[in-house]
Amino acid sequence: MAYSHQGDGTEPLASYAPAAALDTLKRYFGYSSFRPGQERMVSAILSGCDALGVMPTGAGKSICYQVPALMLPGLTLVVSPLVSLMSDQVRALKAAGARPSYLNSTLTPAQQNTVLKRASEGWYQIMYVAPERLADPRFLAFARAAAGPGGIGIPLVAVDEAHCVSQWGQDFRPSYLEIASFVAALPQRPVLAAFTATATERVRADISTMLGLRAPQTVTTGFDRPNLYFEVQELGDKAKAAWVRDYVRSHAQESGIVYCATRKKVDELAQDLMHELAPLGVRVGHYHAGLSIEERRVNQEGFITDTIPVIVATNAFGMGIDKPNVRYVIHLNAPESIEAYYQEAGRAGRDGDPAGCVLLWNGADFNLRRRLIDRDPGDVELDEGQREQAKRNRFRLLSQMEGYCRTTDCLRAYILRYFGEDGRDREGAGPAPAVLRKGEGAVQASAVARKEEAGPASAAARKAEGASLPPATAHGCGNCSNCLTPFEADDVTEAARAIMRFVSRHPGRFGKALIADVLHGANTERIRSLRLDGDPEYGKLAELPIARARDTVEQLIGSGYLTVSMGQYPVICMGDLGLAALNSSEEFTFSIKRRKRGRAGSERARRAVDLLRDEAALDSKPRVGDDAALFERLRALRRELAEWRDVPPYIVCSDKTLRGLCRQRPATREDLLEVSGIGERKADEFGEAFLKAISEFEDERRG
Ligand code: ADP
Ligand code: ZN
């Protein structure tokens with residue numbers, strides 16, 4: 001067997017029996033197969049190996065420890081920082097027929113006593129705890145007894161959001177550092193399994209050492225979320241609001257989040273959308289840290305239970321929201337980093353169905369962010385030098401975000417490169433095509449038609465390479481606005497030369513806008529006072545529209561010919577490529593990509609999303625014809641069942657399961673168990689109601 005054991009003489013807790021694991025998956029969760037990363041994690045854990053799973057949101061991390069927890073004798077502990085998620089997870093597991101529990105500060109001391117008592121009697125298979133709990137002497141005593149001779153046994157400790165242990169991550173939680181000593185204090189060492197959705201190399205290494213993982217089996221499934229459609233639009237402030245109104249109205253049946261940079265914007269836009277959607281009977285909620293706790297709770301609860309489908313919010317909203325059927329996430333302003341963006345946008349489409357992530361931006365967003373960074377006094381615990389370093393780091397992250405907004409190449413590829421992936425299949429991946437160096441995100445250089453790439457040898461090489469790549473990376477992902485927008489190339493070699501000559505004469509002196517103005521020949525007070533109207537390049541690009549001149553500067557930066565300094569007022573310098581181009585005798589050409597005119601933008605994007613959605617609804621079985629009507633009816637039934645049990649509708653079942661019911665039209669319990677997402681318990685509990693609704697529906701149609 002490929003999996004090594006812990007090497008400290010302890011026996012594996014169980015051996016991995018694929019059939020038994022599959023059976024557990026089917027029986028409790030109603031799924032007939034594991035996703036690739038899941039199987040490797042489950043088998044490692046069941047073979048007694050520590051494991052580290054780096055999997056994006058929606059990949060299905062919970063299954064990786066829940067299935068072993070349901071198979072192993074004793075109590076599995078799950079350490080999770082998100083107290084608000086615990087009750088949700090527990091509800092979902094209960095609905096699946098498992099025996100779960102949680103222990104956190106939302107329970108009264110008496111309730112906590114009961115939970116601990118029952119746990120030591122072996123009632124539960126799985127217990128969620130917050131990391132702070134591990135240092136609680138009472139809990140420690142419980143755990144030591146449980147893991148000791150004659151105890152119920154603690155075969156597995158699963159650590160969710162494991163990046164919280166690292167000071168290099170965004171969400172450092174000191175209490176995560178206690179986990180290792182907690183585990184060390186147990187008389188018998190359990191298997192340790194750690195999970196995270198975001199981890200750079202450095203954070204990954206931290207997780208391993210700080211948690212004390214022993215030779216962990218590491219499973220990385222990559223960051224790509226193929227079901228997410230990415231779109232970027234540069235719009236003025238008014239146009240942004242109009243775009244959002246339009247989008248939300250035409251997706252009124254769906255659930256979505258609109259993120260804004262400030263509370264004020266949240267309030268304005270929410271007002272706006274409420275007016276717009278009230279006539280359609282659609283409620284809009286808002287959420288930010290300035291609202292009362294009660295108001296926030298009501299809005300969040302409404303969103304989760306689908307009574308408020310749209311929520312307008314600052315980035316305060318989302319932590320601990322595990323709603324699987326969010327169909328779109330719109331950003332009204334550019335966030336401060338790609339990490340933040342991907343985390344927020346990634347709340348769309350956790351169920352694996354197509355979902356849209358749209359970023360609306362303009363230059364003012366970045367000016368605002370730069371101002372905020374500049375003014376922020378920084379962490380008081382850091383010294384002057386460290387604060388300066390932290391600030392530079394934030395400016396760097398922001399400029400990578402700006403690169404995302406401006407790139408004309410595949411948006412998905414840009415994000416994946418940012419996280420240090422080249423977008424290829426991990427198994428057997430060769431060297432990266434490396435247009436972007438890891439973590440240095442400038443815009444990709446393929447806006448430049450470079451001579452050497454046209455040679456027959458490299459074309460053949462690329463083709464061969466393309467054959468081993470998934471289609472997504474060979475020719476763009478086909479599911480982002482840049483891959484779906486027709487571009488035309490525009491040769492701006494002369495303009496590029498003039499701009500670079502100007503910058504090389506005044507390196508690090510001027511910003512982008514001023515440079516474009518000088519080249520364009522603008523007659524401004526500023527230009528006159530700097531005597532730039534006497535510069536040899538002044539007015540050289542008078543024929544070129546100013547927007548094109550700016551675009552050329554922008555894309556020269558993006559492809560490394562020019563560089564831009566960090567800070568509130570960034571200035572332009574020569575990049576290595578630019579110096580080489582100016583000094584070499586070899587021919588240099590530069591062209592930029594422009595969006596073709598016409599209504600490419602939102603209409604087309606919307607169609608793409610809708611189309612994809614239709615495709616997802618189709619899979620193997622033929623459609624029965626009136627699925628949509630039945631879907632609505634089953635959805636209403638689901639809400640009723642959920643209300644009755646006081647749980648959110650998705651705990652009863654997912655949209656995907658509803659669609660499966662529509663398509664497969666089960667007539668018996670056996671049929672029902674064939675539907676993805678329906679396990680034994682759900683068949684027992686809801687099966688009859690669903691079967692009845694389906695047969696009534698078919699009778700009506702027939703009669
Ligand atoms: P994560 O914690 O990684 O963000 P979740 O554990 O919440 O992801 O799972 C995301 C969604 O995928 C859930 O709706 C879950 O039920 C579903 N899912 C997980 N594993 C499978 C599987 N093997 N087959 C089908 N659906 C699955
Ligand atoms: Zn793409």
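Contacts between residues 24 or more positions apart make up 74% of the contacts in the chain with a separation of 6 or more. This figure, like every other value below, belongs to a predicted model. The chain that forms these contacts has 29 helices and 17 strands. Of its 703 residues, 50% are buried. The surface that the chain exposes comes to about 32100 Å², of which carbon and sulfur atoms supply 51%.

One place where distant parts of the chain are linked is the site of the zinc ion (ligand 2). Its protein donors are the SG atoms of Cys410, Cys477, Cys480 and Cys483, which lie 2.3 to 2.4 Å from the ion. Along the sequence, these donor residues follow the spacing C-x66-C-x2-C-x2-C. Cys410 and Cys480 show how the site links distant parts of the chain, since the two are 70 residues apart. Cys410 sits in the loop between helix H14 (384-406) and helix H15 (411-418), whereas Cys480 sits in the loop between helix H17 (471-474) and helix H18 (481-484).

The geometry of the zinc site is tetrahedral, with angles of 99 to 120 degrees among its 4 donor atoms. For comparison, the ideal angle for four tetrahedral donors is 109.5 degrees. Two of the donor residues can also be placed with respect to the surface. Cys410 has a relative accessible area of 11% and therefore counts as buried, the limit being under 20%. Cys480 is likewise buried, because its relative accessible area is 0%.

The cysteines of this model raise a further point: how many disulfides does the structure hold? The number is 0. A disulfide is a covalent bond between the sulfur atoms of two cysteines. Another cysteine, Cys573, has a relative accessible area of 27% and is therefore partly exposed.

Attention may now turn to helix H12, which spans residues 338-345. Is this helix largely enclosed or open? Because 6 of its 8 residues are buried, H12 is largely enclosed by the rest of the structure. The buried residues are Ile338, Ala340, Tyr341, Tyr342, Glu344 and Ala345. Around them stand both strands and helices: the buried residues of H12 pack against strand E8 (228-234), strand E9 (255-259), strand E12 (326-331) and strand E13 (355-361), as well as against H14 and H15. The last two helices lead back to the zinc site, for the loop between H14 and H15 contains Cys410.

Note on methods: Residues are numbered from 1 along each chain as its sequence is written. Chains are lettered from A and ligands numbered from 1 in the order in which they are written. This is a predicted model: local features need pLDDT of at least 70, side-chain atom pairs count only at pLDDT 80 or more; totals for chains, interfaces and linings use all residues. Side-chain values use heavy atoms; hydrogens and water are left out. Helices (H or I, at least four residues) and strands (E, at least two) are DSSP runs, numbered from the N terminus. Buried means under 20% relative accessible area, exposed over 50%, partly exposed in between (1.4 Å probe, protein chains only). Contact means heavy atoms within 4.5 Å. Accessible areas come from the Shrake-Rupley method with a 1.4 Å probe; for residues, only the protein chains shown count as cover. Donors are N, O and S atoms within 2.8 Å of the metal (3.2 Å for Na, K and Ca); water is not among the atoms, so sites may look incomplete. Four donors count as tetrahedral if all angles lie between 85 and 135 degrees; four count as square planar and six as octahedral if opposite donors are over 155 degrees apart and all others between 65 and 115; anything else is irregular. A disulfide is a pair of cysteine sulfur atoms within 2.5 Å.
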